[in-house]
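Here are my notes on the model you sent over. I've kept them as numbered points so you can follow along in your viewer.

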Amino acid sequence: MSNVSGVIKSIQDIMRKDVGVDGDAQRISQLVWMFFLKIYDDREDELELVDDDFESPLPNHLRWRNWAADKEGMTGDELLDFINLQLFPKLKGDLPTIGLVGKRAKTIRDVFEDTYNYMKSGTLMRQVINKINEIDFNNTDDRHTFGAIYEQILKDLQSAGNAGEFYTPRAVTRFIIDRLAPKLDEVVFDPACGTGGFLTCAIDHKRKFVKSPSDEEILRNTIRGVEKKALPHMLCITNMILHGIDIPSHIRHGNTLEKAYRDYGEKDRVPVIATNPPFGGMEQDGIENNFPASLRTRETADLFVALIIKLLKNNGRAAVVLPDGFLFGEGVKSTLKQSLIKECNLHTIVRLPNGVFAPYTGIKTNILFFTKGTPTKNVWFYEHLYPDGVTSYNKTKPMRFEEFQAERDWWGDEADGFRARKEMPQAWKISAEDVAERGYNLDMKNPHVAETEELDPDKLLKAYTDQQGKIQSIRDSLKDILAEALGKGV
């Protein structure tokens with residue numbers, strides 16, 4: 001099966017005919033839980049081949065192979081009754097709870113906790129199931145192609161009005177994990193993991209060091225994430241299973257920010273954090289009260305930065321994707337940047353070009369790399385440029401990992417203070433003292449490039465407001481001068 005995206009489009013077209021599925025959000029949720037069961041069944045096929053003692057947490061008649069795989073199988077009201085009256089009640093609660101099979105069952109319960117069957121037509125559902133059966137998730141090509149489905153699903157989520165569901169391009173996640181270079185036994189944590197892009201890259205990176213079953217167990221226990229929204233969480237669990245994490249018990253459905261800042265202790269600290277926290281959004285009322293007064297804000301990304309600094313172990317490494325607004329912002333943002341300079345070695349900021357996160361947002365973004373425990377001496381900036389002949393990224397010309405080769409060649413080694421780094425047309429540095437003198441404004445322009453017109457909407461608005469203030473001040477002065485002159489002339 002080579003055209004997975006074509007299958008997805010066909011499925012969505014079928015679902016649009018069903019009166020029970022109301023809009024993109026429900027259609028996507030329906031699609032994802034059905035894919036999950038197919039992927040889970042394909043993975044069980046693999047496990048049965050390598051483990052003679054394998055036991056499925058699902059009763060035999062509820063396994064995909066026994067109710068969905070036969071294209072001439074149940075349909076119409078019979079299929080609908082089976083799903084609503086037998087399948088879903090079982091998946092939501094009545095599964096084993098003890099031992100290894102109990103752990104497998106918990107994964108299924110967690111996925112289906114907030115999941116519903118929206119389709120009303122068993123006939124249309126049979127058509128959807130038959131389409132899903134065209135994909136073999138034990139086929140390497142189909143499995144890899146499925147990664148592209150996440151992007152399409154998230155684009156659909158965005159059009160459905162679910163703000164904040166940004167798909168981090170694989171080129172970015174791979175570059176970040178490549179630079180953080182987690183060891184096999186180091187926990188990699190994403191506190192806002194979405195569909196698991198950073199975590200799957202970490203799995204791919206670590207698997208190069210797996211030489212035995214015990215190494216595989218270490219890998220499974222060192223991949224951790226939290227996602228508060230049900231649908232991305234289900235996608236993340238599915239992604240973990242596709243990447244060989246059969247019991248992804250360390251992928252939690254919840255909100256990392258809900259736990260009080262002071263309640264995170266040494267046992268919660270980790271050596272590696274990689275994340276693209278939601279930005280531009282506001283947290284629900286009361287969340288900010290979980291943080292000290294100096295860090296209270298409704299801006300989600302700022303709260304995550306505060307927590308990331310807290311959660312890193314001493315000498316722990318982090319990479320965080322943040323918008324330009326964080327670099328020049330004041331208030332809590334300044335407090336956080338001061339912490340990054342004084343408590344961490346904020347050694348590198350990679351400035352990404354516009355369009356990296358299109359079509360989700362046109363906001364310019366940056367990757368901040370820092371290590372906790374040693375104050376910053378110099379902050380290095382690297383401006384990532386579009387490749388020759390490229391003016392923007394799109395579906396047919398996405399960002400590629402190979403574009404980061406220049407950064408990788410330039411990077412050097414933190415152990416010797418990045419002694420090999422040199423200033424060049426795309427790279428420059430500023431001392432921590434100069435950062436402090438600038439009021440912790442990290443919005444550094446490339447000093448090697450002539451000043452160009454600034455088109456960032458936030459900065460244009462600020463410049464306009466400042467200009468209007470100056471104009472009003474001149475008007476007031478002129479009024480005073482005119483009034484004084486008129487007064488003397490009388």
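1. Let's start at Ala427, which sits in strand β9; strands here are DSSP runs of E with at least two residues, helices are runs of H or I with at least four, and both are numbered from the N terminus. At 0% relative accessibility, Ala427 is buried (buried is under 20% relative accessible area, exposed over 50%, partly exposed in between, with a 1.4 Å probe and protein chains only). Leaving out residues up to four places away in sequence, Ala427 touches Phe381, Tyr382, Trp410, Lys422 and His448, where contact means heavy atoms within 4.5 Å. Pro447 lies 20 residues from Ala427 in sequence, with 9.1 Å between their C-alpha atoms.

2. A word on provenance: this is a predicted model, so local features need pLDDT of at least 70 and side-chain atom pairs count only at pLDDT 80 or more, while totals for chains, interfaces and linings use all residues. Residues are numbered from 1 along each chain as its sequence is written, and side-chain values use heavy atoms, with hydrogens and water left out.

3. Now the chain as a whole. It has 17 helices and nine strands, and 50% of its 490 residues count as buried. Among contacts with a separation of 6 or more, 75% link residues 24 or more positions apart. The exposed area is about 23300 Å², with 50% of that supplied by carbon and sulfur atoms; the areas come from the Shrake-Rupley method with a 1.4 Å probe.

4. Next, have a look at helix α2 (residues 23-50) against helix α11 (residues 230-242): their axes come within 10 Å and cross at roughly 20 degrees. The axes are lines fitted to C-alpha atoms, for helices over the stretch in contact, and the angles run from 0 to 180 degrees between N-to-C directions. So α2 and α11 are roughly parallel (angles under 35 degrees; over 145 is roughly antiparallel, 65 to 115 roughly perpendicular, the rest oblique). Their crossing is left-handed, that is, the near helix is turned anticlockwise from the far one by less than a right angle, with clockwise giving right-handed.

5. Which residues of α2 meet α11? They are Ile28, Ser29, Val32, Trp33, Phe36, Ile39, Tyr40 and Arg43, and across from them α11 offers Leu231, Met234, Leu235, Ile237, Thr238, Ile241 and Leu242. By class, the residues of this contact are twelve nonpolar, two polar and one charged (Ala, Val, Leu, Ile, Met, Phe, Trp, Tyr, Cys and Pro are nonpolar, Asp, Glu, Lys and Arg charged, and the others, Gly among them, polar).

6. Helix α2 also pairs with helix α6 (residues 122-132), with axes that come within 11 Å and cross at roughly 50 degrees. That makes α2 oblique to α6, and the crossing is right-handed. Gln30, Met34, Phe35 and Lys38 of α2 meet Met125, Val128, Ile129 and Ile132 of α6. The residues of that contact come out as six nonpolar, one polar and one charged.

7. Finally, two backbone spots to check. Asn315, in strand β5 (residues 312-323), has phi near 70 degrees, a positive value in a residue other than glycine. With 49% relative accessibility, Asn315 counts as partly exposed. Phe418 also isn't glycine and has a positive phi, near 55 degrees; Phe418 is in the loop between α15 (405-410) and β9 (427-431). Is Phe418 buried or exposed? Its relative accessible area is 6%, so Phe418 is buried.
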